[in-house]
Amino acid sequence: MAKVISVNISEKKGTLKKPVPEIELKLRHGIVGDAHAGDWHRQISLLAEESIDTMRALSPIPLDPGVFAENINTEGIDLKHLPVGTHLRIGETEVEVTQIGKECHNDCAIKKAVGKCVMPTEGIFAVVVKEGVVRPGDEIEVLK
């Protein structure tokens, strides 16, 4: 069973995201209170714990949830191989995958410390299709 491990937000762009007890997803907006919210194609970012674990094995610094600026940490789902257009039910919400990976910001702190970063190749982005609240422990289901 795939599930949510952590939900994270930041109030300002360019800062690390911090874990919170829950996040509220809104249509045409993304996550209420998150700096990257807005009516665009990258409302929510997701990164698999399995991807972060590969980085933890190489990293001299702790890699806590949100360090890659991801909103949702997952477990048990192969995010990086989901095609754009895939719908995911996350708890009571639904999102649509809009992008796989992204360009890394001018040698981010993780890349400087470890030599590479997984977000550009293994992180995914989505938009809100059905509003609601997402919490750690919520199940994730790929919808057909």
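How far apart are the mean positions of the positive and negative charges of the protein? They are 4 Å apart, taken over 18 positive and 22 negative charges. Keep in mind on this tour that the model is predicted.

**Stop 1: the whole chain**

Begin with everything shown as a cartoon. You should find three helices and 11 strands. Walking from the N terminus, the elements come in the order β-β-β-β-β-α-β-β-β-α-α-β-β-β. The radius of gyration is 14 Å, close to the 15 Å that the globule rule gives for 144 residues, so the protein is as compact as a globular protein of that length. Turn the C-alpha trace about its principal axes and you will see it span about 40 × 30 × 25 Å.

Now switch on the surface. The accessible area comes to about 7300 Å², and carbon and sulfur atoms hold 52% of it. Of the 144 residues, 47% count as buried. Among contacts with a separation of 6 or more, 70% are between residues 24 or more positions apart.

**Stop 2: lysine 3, at one end of the sequence**

Select lysine 3, which sits in strand β1. With a relative accessible area of 28%, lysine 3 is partly exposed. Next, add glutamate 141 to the selection. The two are 138 residues apart in sequence, yet 8.4 Å separates them in space from C-alpha to C-alpha.

Show what surrounds lysine 3, leaving out residues up to four places away in sequence. Its contacts are then Asn73, Thr74 and Glu75, together with Gly137, Asp138, Glu139 and Ile140.

**Stop 3: serine 10 and the loop after β1**

Move along to serine 10, in the loop between β1 and β2. Is serine 10 buried or exposed? Its relative accessibility is 3%, so serine 10 counts as buried. Neighbours within four places in sequence aside, serine 10 is in contact with Thr15, Leu16, Lys17, Gly33, Asp34 and Ala35.

For another view, measure from serine 10 to leucine 27 in your viewer. These residues are 17 apart in sequence and 19 Å apart in space, C-alpha to C-alpha.

**Stop 4: a salt bridge between two loops**

Two of the contacts of serine 10, Lys17 and Asp34, deserve a selection of their own. Aspartate 34 and lysine 17 form a salt bridge, with 2.8 Å between their closest N and O atoms. The pair joins distant parts of the chain, 17 residues apart: aspartate 34 belongs to the loop between β4 (30-31) and β5 (44-48), and lysine 17 to the loop between β1 (2-9) and β2 (18-20).

Why do both partners count as buried? Buried means under 20% relative accessible area. Aspartate 34 has 6% relative accessibility, so it falls in that class, and lysine 17 does too because its value is 2%.

**Stop 5: more charged pairs**

Side chains of opposite charge can pair when their charged atoms come close. A search of the whole structure turns up seven salt bridges, and here are further examples to select.

- Glutamate 24 and lysine 26: their side chains meet in a salt bridge at 3.3 Å, N to O. Glutamate 24 is partly exposed at 34% relative accessibility, and lysine 26 is partly exposed at 31%.
- Arginine 56 and glutamate 49: the closest N and O atoms of this salt bridge are 2.8 Å apart. Arginine 56 is partly exposed at 30% relative accessibility, whereas glutamate 49 is buried at 11%.

Keep the second pair selected and add Asp53. Glu49, Asp53 and Arg56 are linked in a network of salt bridges.

**Stop 6: two positive phi angles**

Finish with the backbone. Select arginine 28, in the loop between β3 (23-26) and β4. Arginine 28 is not a glycine, yet its phi is positive, at about 55°. Its relative accessibility of 59% makes it exposed.

Then jump to alanine 69, in the loop between α1 (49-56) and β6 (72-75). What is the phi of alanine 69 near? The angle is near 70°, a positive value in a residue other than glycine. Alanine 69 is partly exposed, with a relative accessible area of 30%.

How values were computed
Residues numbered from 1 in each chain as written. Predicted model: local features only at pLDDT ≥ 70, side-chain atom pairs only at ≥ 80, totals over all residues. Heavy atoms only, no water. Salt bridge = Lys/Arg side-chain N within 4 Å of Asp/Glu carboxyl O. Helix = DSSP H or I, 4+ residues; strand = E, 2+ residues; numbered from the N terminus. Buried < 20%, exposed > 50% of the residue type's maximum accessible area, 1.4 Å probe, protein only. Rg over C-alpha atoms; globule rule 2.2 N^0.38 Å. Contact = heavy atoms within 4.5 Å. Areas by Shrake-Rupley, 256 points an atom, 1.4 Å probe, with all protein chains shown as cover. Lys, Arg positive; Asp, Glu negative; His and termini not counted. Charge placed at Lys NZ, Arg CZ, Asp CG, Glu CD.
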